[in-house]
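Hi everyone, thanks for coming. I'd like to walk you through one structure today, piece by piece. Have it open in front of you, and stop me if a word is unfamiliar.

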Amino acid sequence: MRSTSALRTDSLSLLCAALGGAVLLFIIAPLASLCLSCSLPELAETAGDDEVQASIWLTLWTSMAATVFCAVAAIPLAYLLARKDFPLKGLVSGIIDLPVVIPHVAAGLALLTVVSRGAALGRAADKIGISFIGNSLAVMLAMAFVSVPYLINSARDGFAAVPERLEKAALSLGANPFRVFLTVSVPLAARPIISGMIMMWARGMSEFGAVMIIAYRPMITPVLIFERFSAFGLKYAQSVAVLFIAVCLVFFVVLRLLAGGKKDAQR
Amino acid sequence: MLSVRQICKTYPGFGIKDVSFEVQQCEYFVLLGPTGAGKSVMLEIIAGLTRPDSGSVLLDGRDITGEKIQNRRISLVFQSSALFPHMSVYENVAYPLRWCGRTRSQIDQRVAKLADDFDFSHLLEARPQTLSGGESQRVSLARAVASEPRCLLLDEPLSSLDASSRCEIRSLLRNISANGQLILHVTHDYTEAVSLSTHIAVMEDARIAQIGTVEEIFQHPQSQFIARFVGIRNFFKGRLKAPEAGGTSLRHFATDGLSFSVLTDRPAGQGSVMVRSEDVTITNAASPTSARNNFAGPIVDIAPIGGGVEVIVDIGHGKSLEIAAIITNEAVSALELRLGKKVWVTFKAAAAIFIEG
């Protein structure tokens, strides 16, 4: 009975399915075409390339490190945004979305004005022996800048969905606000927080514009793909691109599954 | 002892004004009032979740108005379950014990004892979302009393339960109260108040309208509002007798030398009987009737009320047991009722509502 009613279609559903199919095709077709244009021996050769391997590792760990470091400060901010009313809250929310809106090359330039050796922060860092430019630190900075809104927004929605009743109950049971935050609010918002972290990590990993401005070297994979493309052409860039897409997909799917598995335990 | 002094709190379009009351140790105090009267705000202020605009809250003589919530030793139980869904029942009950410097084995012992007392030992590993309403509320109560709070606040703890769990939780609450726990219970349901409380404060329009024992509130409501809200003037405490052999549900209820016939299937024991004034009829002479409750006595008061007349008859034969009847103006003149005249009052056994407690 169920299957027949599920199969029964009306003209609106048909139209939606047709248009949706077109969108899906639009996403899948270029990726499939890219992957199919690469032969396995080519891919194997690229995978053995030290420069490629180094850049993929760099991309993976810098984006993860950027996510974890940012989470420490971004999660409490998300909590604040979900729970408290304060002056200029709307403005703060707007500022958080800024990195998504502005061109990422511009974001890179903006960061550069702060951390270059001539700028205040750059000079201060220089004094204690840290250099941002041409360093993985700069890569992380650029990745974090463009991707942190995904984490904050997701975590904020997560905290907002935690019933305040539970936090009030925890307080009345003798836990101080820090303990309530760590033992009730964060665990209950864990799923949106983790999914926000995955989004932030994925977004950071795929960043090109901002990173290229502030840290062309050490070379993350998107920059490497661009360099090979501009120096040697499509043929040489596409195998790196395919390899990188594959690695990203594997990580993305595995993390999603891990986070999704946690769902049943949570609610 | 909990004492609340001249608490005021204003919200846009709502607030509470000058609320004061005291709850002694061992008292079961019910704050009774319609929805929106400000009862829950009062609880939040006592618990420390909301700060009053003025006034103070004292617990055992110490001013705790500005005290942090977690240091107040006041537990709060909500209407719907506030169990933590990411923890097992065991972890929920152990939660308040984690913050008061107990060892692992002390916590184990305490949780096991509570689980035994509150009858959920078999559910310790369960997740809260798999529990029934009654089970959830039992666990919530156990968690609330786990760290031995000075004061237990209950916000409509029975209203989301079905009838049988309600009965079960009521008797649990009576036990907690009998162990000397100070309880402040907020409800809009007068049967809860009658069944559980030792003292009642009626809240009306953001202020306290009357404070007193159950008898005082129900027999002598001080305002039209209270009389209408509690709805029932005829309120008698006493004892329901066991069903006679033959086992009908028509039972005897003894109060102050009189015996009422009551239709109920509740077990024998202490309780109250209520009769709505509208259900009481007055006649000049005893006549055969289907009603099982017939008493004679002099009229002690006749007062116009609403669209009718309230006639009070003393049926206690010298012990002052008053019963009120609301009748029409026409009936007063037809029966030639006047102060001091001896009349018969009659009501059906089915009109007598028994509430245990």
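Let's start in the middle of things: β3(B) and β8(B) pair in the parallel sense, over five bridges. Two words to pin down before I go on. Strands (E, at least two residues) and helices (H or I, at least four residues) are DSSP runs, numbered from the N terminus. And two strands pair if DSSP finds at least two bridges between them.

A bit of housekeeping, too. This is a predicted model, where local features need pLDDT of at least 70 and side-chain atom pairs count only at pLDDT 80 or more, while totals for chains, interfaces and linings use all residues. Residues are numbered from 1 along each chain as its sequence is written, chains are lettered from A and ligands numbered from 1 in the order in which they are written, and side-chain values use heavy atoms, with hydrogens and water left out.

Back to β3(B). Look at F29(B): its bridge partner in β8(B) is L184(B), and in β9(B) it stands opposite H199(B). The link from β3(B) to β9(B) is parallel as well, with four bridges.

So is β3(B) buried or exposed? By buried I mean under 20% relative accessible area, by exposed over 50%, and partly exposed is in between (1.4 Å probe, protein chains only). Five of the five residues of β3(B) are buried, so the strand is largely enclosed by the rest of the structure. Y28(B), V30(B) and L32(B) point one way, and F29(B) and L31(B) point the other way.

Now zoom out to the sheet. It's an open sheet of six strands in chain B, with mixed pairing and the order β6-β7-β8-β3-β9-β10. At the edges you find β6 and β10 (207–213) of chain B, each with a single partner strand, so one side of each has no neighbour in the sheet. From one strand to the next, the twist averages 20°. Angles here run from 0 to 180 degrees between N-to-C directions, and axes are lines fitted to C-alpha atoms, for helices over the stretch in contact.

Over at β6(B), the pairing with β7 (residues 151–155) of chain B is parallel, with four bridges. There, I74(B) stands opposite C151(B).

What packs on this sheet? That's helix α1 (residues 39–47) of chain B, which touches β3, β6, β7, β8 and β9 of chain B and makes about 150° with the direction of β7(B). Contact, by the way, means heavy atoms within 4.5 Å. Seven of the nine residues of α1(B) are buried, among them V41(B), M42(B) and L43(B). Just after the helix, G48(B) takes a positive phi of about 100°.

α1(B) also lies across β1, β2 and β4 (54–59) of chain B, at about 120° to β1(B). Those strands belong to another open sheet, with four strands in the order β2-β1-β4-β5 and antiparallel pairing. Its edge strands are β2 (14–23) and β5 (62–63) of chain B, each pairing on one side only. β1 (residues 2–11) and β2 of chain B pair over seven bridges, and K9(B) has I16(B) as its bridge partner.

Next, is there a hole inside? For this, a 1 Å grid is laid over the protein atoms alone, and a cavity is a set of points where a 1.4 Å probe fits but cannot get out; lining residues have an atom within 4 Å of a point. Grid points are joined across faces, edges and corners, and a volume is the space filled by probe spheres set on the points. How many cavities of 30 Å³ or more does the structure hold? One, with a volume of about 80 Å³. It is lined by 13 residues, and those nearest its centre are L76(B), V77(B), A82(B), S140(B) and R143(B). β6 (74–77) and α4 (133–146) of chain B are the elements giving two or more residues to that lining, and α4(B) gives the most, with four.

While we're in α4(B), find G134(B). G134(B) is buried, with a relative accessible area of 4%. Not counting residues up to four places away in sequence, G134(B) touches L161(B), S165(B) and I169(B).

Last, the whole chain: chain B has nine helices and 20 strands, and 52% of its 357 residues count as buried. Okay, questions?

Conventions
1 Å grid on protein atoms, 1.4 Å probe; cavity = no way out; pocket = protein on both sides within 12 Å on 5 of 7 lines; lining within 4 Å.
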